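Please look over the fold below, with attention to the sheet, the helix packing and the nonpolar interior.

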Amino acid sequence: VSQSRYSPLFFSFFMSRLIFIEGTDGTGKTSVANGIVEALKAKGLSAIRIPIMEGSSVGKDYRSQYLTGKTIPVTEALGMLYSVATTLKDVIYPATKLYDVVVVDRSLASFFAYQIKTNGYGWIHAAFYEVVHSLFAGETIYLQVSPEVGHKRMVAGRKVLDVVESKGPEYQRKVAEAYTK
């Protein structure tokens with residue numbers, strides 16, 4: 001993503017200090033987030049990209065356990081929700097005070113789409129809404145790509161796929177439907 005692709009109108013969209021990039025696996029969220037940060041910096045703004053999961057030490061620890069595939073649904077969902085909430089509260093919110101713009105790779109919308117809608121973990125719905133109501137607003141950009149293309153990108157770009165990524169294109173199709181609902 002180059003800065004020449006962005007018009008002044010594009011930058012007026014980013015009046016928010018907080019931007020979330022959403023989409024299923026393999027849609028290019030990280031690439032787009034990095035491109036936005038680069039373009040904003042080229043315009044003289046301070047900007048940073050923070051991954052929602054690995055942005056905090058809690059999230060890094062959770063992700064390393066999650067990648068083993070040994071978590072059960074309860075620890076998967078609760079661990080992910082706690083990790084995201086911790087990253088938002090302890091890392092992302094403070095970063096909005098230090099940078100002109102904070103670009104976040106994923107948001108609570110992905111938790112909702114993957115865990116509640118796709119996996120059917122409705123039992124965590126109340127806890128999810130408690131976290132949602134304690135947060136702050138930002139803009140969200142939702143990226144879409146066919147599940148087959150996304151899966152090919154993941155396979156080509158990674159040595160090891162995580163538990164969700166290895167479920168394949170059909171699972172990603174269900175997640176995409178959950179996002180749109």
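What follows is a short report on the sheet, the helices and the cores.

The model is predicted: local features need pLDDT of at least 70, side-chain atom pairs count only at pLDDT 80 or more, and totals for chains, interfaces and linings use all residues. Residues are numbered from 1 along each chain as its sequence is written, and side-chain values use heavy atoms, without hydrogens or water.

**The sheet**

Helices (H or I, at least four residues) and strands (E, at least two) are DSSP runs, numbered from the N terminus. Two strands pair if DSSP finds at least two bridges between them. Four strands form an open sheet in the order β2-β3-β1-β4, with parallel pairing. β2 (47-51) and β4 stand at the edges with a single partner strand each, so one side of each lacks a neighbour in the sheet. From one strand to the next, the twist averages 20 degrees. The pairings are tabulated here.

| Strand pair | Bridges | Direction | Facing residues |
|---|---|---|---|
| β1 and β3 (residues 101-105) | four bridges | parallel | I21 opposite D105 |
| β1 and β4 (residues 139-142) | four bridges | parallel | I19 opposite E139 |
| β2 and β3 | five bridges | parallel | I48 with V102 |

Strand β1 (residues 18-22) is largely enclosed by the rest of the structure, because five of its five residues are buried. Buried means under 20% relative accessible area, exposed over 50%, and partly exposed in between (1.4 Å probe, protein chains only). Both faces of β1 are covered. L18, F20 and E22 are buried on one side, I19 and I21 on the other.

Helix α2 (residues 29-42) lies across β1, β2, β3 and β4. It runs at about 165 degrees to β2. Axes here are lines fitted to C-alpha atoms, for helices over the stretch in contact, and angles run from 0 to 180 degrees between N-to-C directions.

**Helix packing**

α3 and α4 pack at about 155 degrees, with their axes 8 Å apart. The two helices are therefore roughly antiparallel. Angles under 35 degrees count as roughly parallel, over 145 as roughly antiparallel, 65 to 115 as roughly perpendicular, and the rest as oblique. On the α3 side, the contact uses V58, G59, Y62 and Y66. On the α4 side, the contact residues include M80, Y82 and T86. Contact means heavy atoms within 4.5 Å.

α5 is mostly covered, with nine of its 11 residues buried. Among them are S110, A113, Y114 and Q115. The cover includes β1, α4, α6 and α8.

The axes of α5 and α6 come within 11 Å and cross at roughly 175 degrees. That makes α5 roughly antiparallel to α6. L108, F111, F112 and I116 of α5 meet H125, F128, Y129, V131 and V132 of α6.

**The nonpolar cores**

A nonpolar core is a set of buried Ala, Val, Leu, Ile, Met, Phe, Trp, Tyr and Cys residues joined through side-chain atoms within 4.5 Å. Which residues touch the most other members of the largest nonpolar core? They are I92, L108 and F111, in a core of 32 residues. The elements giving two or more residues to this core are β1, α3 (57-66), α4 (73-98), β3, α5 (108-118), α6 (125-133) and α8 (169-180). α4 gives the most, with eight residues. Another core, of 11 residues, lies apart from it and includes A33, I36, A47 and L143.
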